[in-house]
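This report covers side-chain packing, aromatic contacts and the largest pocket. Start with the rings, then move outward.

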Amino acid sequence: MEKLDFEILTKNGSTAKSEFDFAKHLENHKVDISPLSVETLQVNITKLCNQACLHCHVDSSPNRTEHMDLRTIDKCLEILESDDRIKNLDITGGAPELHQHFRYMVKEARKMNKRVMVRHNLTVTHDPHPNTGESNFDLPDFFAEQKVELISSLPYYQEYFTDKQRGRGVFEKSIDSLKMLNAKGYGKGNPELTLDLVYNPVGAFLPASQCELKEKFEKELSANFDITFDNLFVVTNMPIHRFKKDLERRNGYEDYLDKLVNAFNPIAAEGVMCRSMISVSYDGKVYDCDFNQMLEMQITNKTPQTIFDFDYKKLLERKILVDSHCFGCTAGAGSSCGGETA
């Protein structure tokens, strides 16, 4: 790729070299990422987490205090119930299970027969609540009872690499939680008890093939721990917040962006998740995706800005906001909350 030495102003107010201009890449490749639907409502209900992972784009930790209030949760549920076009509720955090109204939200959405997905870090089952000390040991029972689809983080099938990214003891707790979920029927091919794992590289690398990694995870987890799961989602580390700071400390931020830009895939770009979802922050603001949410790139064009002004038609008329981090979703086979996009 030819290097250009002048800079541009990005959407979030920072400067970046012009080869990192994502909008220009879309234009050059004649790729349109206009919204197609709002099939998924992804809701970040808290930034509180029992972990503080190296790659976390939310900057979650046991010290965060942001929580979605009950009024905003009820508004999200009201929108789900009122529109059959919105089929999925994707609950994330932080560790969403630490929110006091998490179980209420799950139960109400399941009463509507909505598909409920929970971004589950596995260790929250074993760790007491950072503030109250309450136990979450019954989470596998609750998940199975409500038939929640679990999307669970496991960076690797070996202890060293998992703990390097997520902290000492995480791998052991994760394995114990997976065994508990298997015992409840998760990860056995039952579509009502789906257990998906999420892999992301431990470092400034692009992930390998999702299909090949799934075979390795299946083989290693089965042989060493008698654990099974349904799907493996491969996710690229986003160069924002905590991961970006780590890259900058190592003087590797621009090198990592170069990797993403050089791996830009127009087909993956056409399948980006922001075309069929919206992301709701703990305070009810609406964004194109969870990454834009963390960069405070709020939807501002052709649509109201909060969940309380929700308008399906206007959301389809909006222009999706992009910045250099979007190269993370379009590198190689693509990356989304559901894994590869191409």
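## Aromatic rings

Two rings of Phe, Tyr or Trp count as a pair if their centres lie within 6.5 Å. Planes under 30 degrees apart make a pair stacked, and planes over 60 make it edge-to-face. The rest are tilted. The model is predicted.

The structure holds 14 aromatic pairs. One of them joins Phe142 and Phe143. Their ring centres are 6.2 Å apart, with 55° between the planes, and the pair is tilted. Phe142 and Phe143 are both buried. Why is the pair of Tyr156 and Tyr157 stacked? The centres lie 4.3 Å apart and the planes meet at 25°. That angle is under 30 degrees, so the pair counts as stacked.

Tyr157 has 10% relative accessibility. The cut-off for buried is under 20%, so Tyr157 counts as buried. Tyr156 and Tyr157 also belong to one aromatic cluster. Its other members are Tyr160, Phe161, Tyr199 and Phe217.

## Charges over rings

Two arginines sit over ring faces. Arg85 lies over the face of Tyr312, at 3.6 Å from the ring centre. Arg103 lies over the face of Phe142, at 4.9 Å from the ring centre. Phe142 is thus a ring with two roles here: partner of Phe143 in a tilted pair, and the face under Arg103.

## Nonpolar cores

The largest nonpolar core has 57 residues. Which of them touch the most other members? They are Phe143 and Phe217. Helix α2 (residues 70–82) gives this core its largest share, five residues. A second, separate core has 37 residues, including Phe22, Tyr256, Leu257 and Met297.

Phe143 deserves a closer look. Neighbours within four places in sequence are set aside here. Beyond them, Phe143 contacts Glu97, Phe102, Val118, His120, Val148, Leu150, Leu181 and Tyr186. Phe217, the other residue named for core contacts, is in the aromatic cluster with Tyr156 and Tyr157.

## Largest pocket

How much space lies in the largest pocket? The volume is about 330 Å³. The lining has 22 residues. Closest to the pocket centre are Thr40, Arg119, Ser336, Cys337 and Gly338.

Five strands each supply at least two lining residues: β3 (40–44), β4 (88–92), β5 (115–120), β6 (149–153) and β8 (231–234). The largest share, three residues, comes from β5.

Technical notes
Residues are numbered from 1 along each chain as its sequence is written. This is a predicted model: local features need pLDDT of at least 70, side-chain atom pairs count only at pLDDT 80 or more; totals for chains, interfaces and linings use all residues. Side-chain values use heavy atoms; hydrogens and water are left out. A nonpolar core is a set of buried Ala, Val, Leu, Ile, Met, Phe, Trp, Tyr and Cys residues joined through side-chain atoms within 4.5 Å. Buried means under 20% relative accessible area, exposed over 50%, partly exposed in between (1.4 Å probe, protein chains only). Helices (H or I, at least four residues) and strands (E, at least two) are DSSP runs, numbered from the N terminus. Contact means heavy atoms within 4.5 Å. Rings of Phe, Tyr and Trp (its six-membered ring) pair if their centres lie within 6.5 Å; planes under 30 degrees apart count as stacked, over 60 as edge-to-face and the rest as tilted. A charge sits over a ring if NZ of Lys or CZ of Arg is within 6 Å of the ring centre and within 35 degrees of the ring normal. On a 1 Å grid over the protein atoms alone, a cavity is a set of points where a 1.4 Å probe fits but cannot get out, and a pocket is an open set with protein on both sides within 12 Å along at least five of seven lines; lining residues have an atom within 4 Å of a point. Grid points are joined across faces, edges and corners, and a volume is the space filled by probe spheres set on the points.
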